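Open the model in your viewer and keep the selection panel at hand. The tour goes stop by stop.

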Amino acid sequence: MLTLFSRLGRFCARRHWWVIAAWAAAALVALPLAPRASGALQAGGFSLDDLGSARARHLLESAVGLPPSALVIVIQ
């Protein structure tokens with residue numbers, strides 16, 4: 001009995017040129033959107049300023065002087 005992924009793998013292996021063509025078409029469609037990506041992306045990921053973790057990050061940045069890219073793990 002074949003699983004979903006084994007059937008998908010078999011399909012992609014048999015029709016590899018179709019898969020490559022589909023990825024190339026997707027890249028061509030996405031190419032005009034690429035210059036706008038830098039405006040939509042921001043450092044730090046998806047975070048709201050009113051969350052407790054964001055307030056703690058701002059406190060660590062201002063009080064301790066940690067850079068925004070620092071990784072802090074707090075264990076209680």
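Where is the place of arginine 36? Select arginine 36: the residue sits in the loop between helix 2 (16-30) and helix 3 (37-40). Keep in mind that this is a predicted model.

Show the side chain of arginine 36 with a surface. Arginine 36 has a relative accessible area of 59%, so the residue is exposed, the cut-off being over 50%.

Now add glutamine 76 and draw a C-alpha to C-alpha distance from arginine 36. The two are 40 residues apart in sequence. In space, 42 Å lies between their C-alpha atoms.

**The whole chain**

Zoom out and switch to cartoon. The protein chain has 4 helices and 0 strands. Read from the N terminus, the order of elements is α-α-α-α. The radius of gyration is 22 Å, well over the 11 Å that the globule rule gives for 76 residues, so the chain is more spread out than a compact globule.

Align the view to the principal axes. Along them, the C-alpha atoms fill a box of roughly 60 × 40 × 20 Å.

Colour by accessibility next. Of the 76 residues, 1% count as buried. The accessible surface of the chain comes to about 7300 Å². Carbon and sulfur atoms account for 70% of that surface.

**Helix 4**

Select residues 52-64, which make up helix 4. At 1.5 Å a residue, these 13 residues should span 18 Å. The end C-alpha atoms are 17 Å apart, which agrees.

Step on to glycine 65, just after helix 4. Its phi is positive, at about 85°.

Go back into helix 4 and pick leucine 60. Is leucine 60 buried or exposed? Neither label fits: leucine 60 is partly exposed, because its relative accessible area of 30% lies between the 20% and 50% cut-offs.

Measure from leucine 60 to alanine 70, C-alpha to C-alpha. They are 10 residues apart in sequence and 9.8 Å apart in space.

**The largest pocket**

Keep leucine 60 and alanine 70 selected, since both line the largest pocket. Add the others: Ser53, Ala56, Arg57, Glu61, Leu66, Pro67, Pro68, Leu71, Val72 and Val74.

What volume does the largest pocket have? The value is about 210 Å³. Colour the lining by class to finish: 9 residues are nonpolar, 1 is polar and 2 are charged.

Note on methods
Residues are numbered from 1 along each chain as its sequence is written. This is a predicted model: local features need pLDDT of at least 70, side-chain atom pairs count only at pLDDT 80 or more; totals for chains, interfaces and linings use all residues. Side-chain values use heavy atoms; hydrogens and water are left out. On a 1 Å grid over the protein atoms alone, a cavity is a set of points where a 1.4 Å probe fits but cannot get out, and a pocket is an open set with protein on both sides within 12 Å along at least five of seven lines; lining residues have an atom within 4 Å of a point. Grid points are joined across faces, edges and corners, and a volume is the space filled by probe spheres set on the points. Ala, Val, Leu, Ile, Met, Phe, Trp, Tyr, Cys and Pro count as nonpolar, Asp, Glu, Lys and Arg as charged, and the others, Gly among them, as polar. Helices (H or I, at least four residues) and strands (E, at least two) are DSSP runs, numbered from the N terminus. The radius of gyration is taken over C-alpha atoms; the globule rule is 2.2 Å times the number of residues to the power 0.38. Buried means under 20% relative accessible area, exposed over 50%, partly exposed in between (1.4 Å probe, protein chains only). Accessible areas come from the Shrake-Rupley method with a 1.4 Å probe; for residues, only the protein chains shown count as cover. The expected span of a helix is 1.5 Å times one less than its number of residues.
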